[in-house]
Amino acid sequence: FFVNENPNLKVGAIYLEEPAKTTGLGFIALDNNVPLHELEETPTMLKGKFDDSYNKYIESSKIEFVDASFMKLDSKELLYNINYLVTGLGCKILVLDHLTMVTYDMQGEQSERKDIDMLMKSLRELVHKTGCSILLVTHLKRPQFGKSWAEGREINMTDSRGSAAIEQLSDVMIALERNMLNDYEKNKTKIKVINNRVTGQTGYVDNLFYN
């Protein structure tokens, strides 16, 4: 949507749990409204449409990819690549999926907080310096009591895993809630704004239904 509606806009994709090839195929599958796993199993299923999507998004460099799968934060390599997407390649929107992944190799909860603090501060500085926007995916803390997230538990601003810096340095926080154990609601995702420094408006805004 961003790319189609804004011809001069470039998007940087940093997906830490998969190789860049899989990310690229995901965009092609999305453009053609087919499941990614079916496209991976049968690359010829789209025939000429595959080349059209490839040229539109990838060959044209409308979407820039970083092969950052399982990249470690402590090597500074991740921050270098994020900065290069913006200052070197001109990306205005970055998608980083997901924050928790960069701290998996850290030792202990205290180290995880420290490293997320450092990353969030660096990302905030990059936003201020360049004017880019960063869509940052983060996991949630495991609840100590009550319903699980899979049962549609309501998400609050303090539920982000790892560090309070996530809520302190983010302009907007959007929560996605879904009851995966309810046969009647498992395809519905509730969208809720839980932090909004721009307008102050928060609360439930819409529902998404997967078909």
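Let us start with a term: a residue is buried when its relative accessible area is under 20%, exposed when that area is over 50%, and partly exposed in between, using a 1.4 Å probe and protein chains only. By that rule, buried residues make up 37% of the 211 residues in the protein.

The model is predicted, so local features need a pLDDT of at least 70 and side-chain atom pairs count only at pLDDT 80 or more, while totals for chains, interfaces and linings use all residues. Numbering runs from 1 along each chain as its sequence is written, and side-chain values use heavy atoms, with hydrogens and water left out.

**Overall layout**

Helices (H or I, at least four residues) and strands (E, at least two) are DSSP runs, numbered from the N terminus. The protein has 7 helices and 7 strands, and from the N terminus on they follow the order α-β-α-α-α-β-α-β-α-β-α-β-β-β. Contact means heavy atoms within 4.5 Å. Among contacts between residues at least 6 apart in sequence, 54% join residues at least 24 apart.

**The cores**

A nonpolar core is a set of buried Ala, Val, Leu, Ile, Met, Phe, Trp, Tyr and Cys residues joined through side-chain atoms within 4.5 Å. The largest one here has 26 residues, and Ile14 and Ile82 have the most contacts inside it. Two or more residues each come from helix H5 (77–87), strand S3 (93–97), helix H6 (108–130), helix H7 (165–169) and strand S5 (172–177). H6 gives the most, with 6 residues. Apart from this core lies another, of 15 residues, which includes Ala13, Ile28, Ala29 and Val34. Setting aside residues up to four places away in sequence, Ile82 touches Ile14, Leu94, Leu96, Leu123 and Leu126.

Leu85 is placed in helix H5 and is buried, with a relative accessible area of 1%. Its C-alpha is 6.2 Å from that of Gly12, although the two are 73 residues apart in sequence. Beyond its neighbours within four places in sequence, Leu85 is in contact with Gly12, Ile14, Glu64, Val66, Gly90, Cys91 and Leu94.

**Helix H4, two sides**

Ser53 lies in helix H4 (residues 48–59) and has a relative accessible area of 2%, so this serine counts as buried. Not counting residues up to four places away in sequence, Ser53 touches Ile28, Asp31, Asn32 and Ile58. Phe50, Ser53, Tyr57 and Ile58 are the buried residues to look at in H4. They cover an arc (taken from the directions from the helix axis to the C-beta atoms) of only 85° around the axis, which puts them on the same side of H4. On the other side of H4, Asp52 and Glu59 are exposed. An α-helix has 3.6 residues a turn, so residues three or four places apart point the same way.

**Backbone points worth a look**

Most residues other than glycine have a negative phi, and most peptide bonds are trans. Two residues that are not glycine have a positive phi, as the table shows.

| Residue | Phi | Loop | Relative accessible area |
|---|---|---|---|
| Asn33 | about 60° | between H2 and helix H3 (36–41) | 72%, exposed |
| Ser61 | about 65° | between H4 and S2 | 28%, partly exposed |

A cis peptide bond, with omega about 5°, joins Asp97 and His98. His98 lies in the loop between S3 and H6.

**Side-chain pairings**

Rings of Phe, Tyr and Trp (its six-membered ring) pair if their centres lie within 6.5 Å; planes under 30 degrees apart count as stacked, over 60 as edge-to-face and the rest as tilted. The count comes to 1 aromatic pair. The ring centres of Phe27 and Phe65 are 5.9 Å apart with planes at 65°, so the pair is edge-to-face. Phe27 lies in helix H2 (residues 20–31) and Phe65 in strand S2 (residues 63–65), so the pair ties together parts that are 38 residues apart in sequence. Phe65 is partly exposed, with a relative accessible area of 22%.

A charge sits over a ring if NZ of Lys or CZ of Arg is within 6 Å of the ring centre and within 35 degrees of the ring normal. Arg153 lies over the face of Phe145, 5.7 Å from the ring centre, and its charged end also sits over the ring of Trp149, 5.5 Å from the centre.
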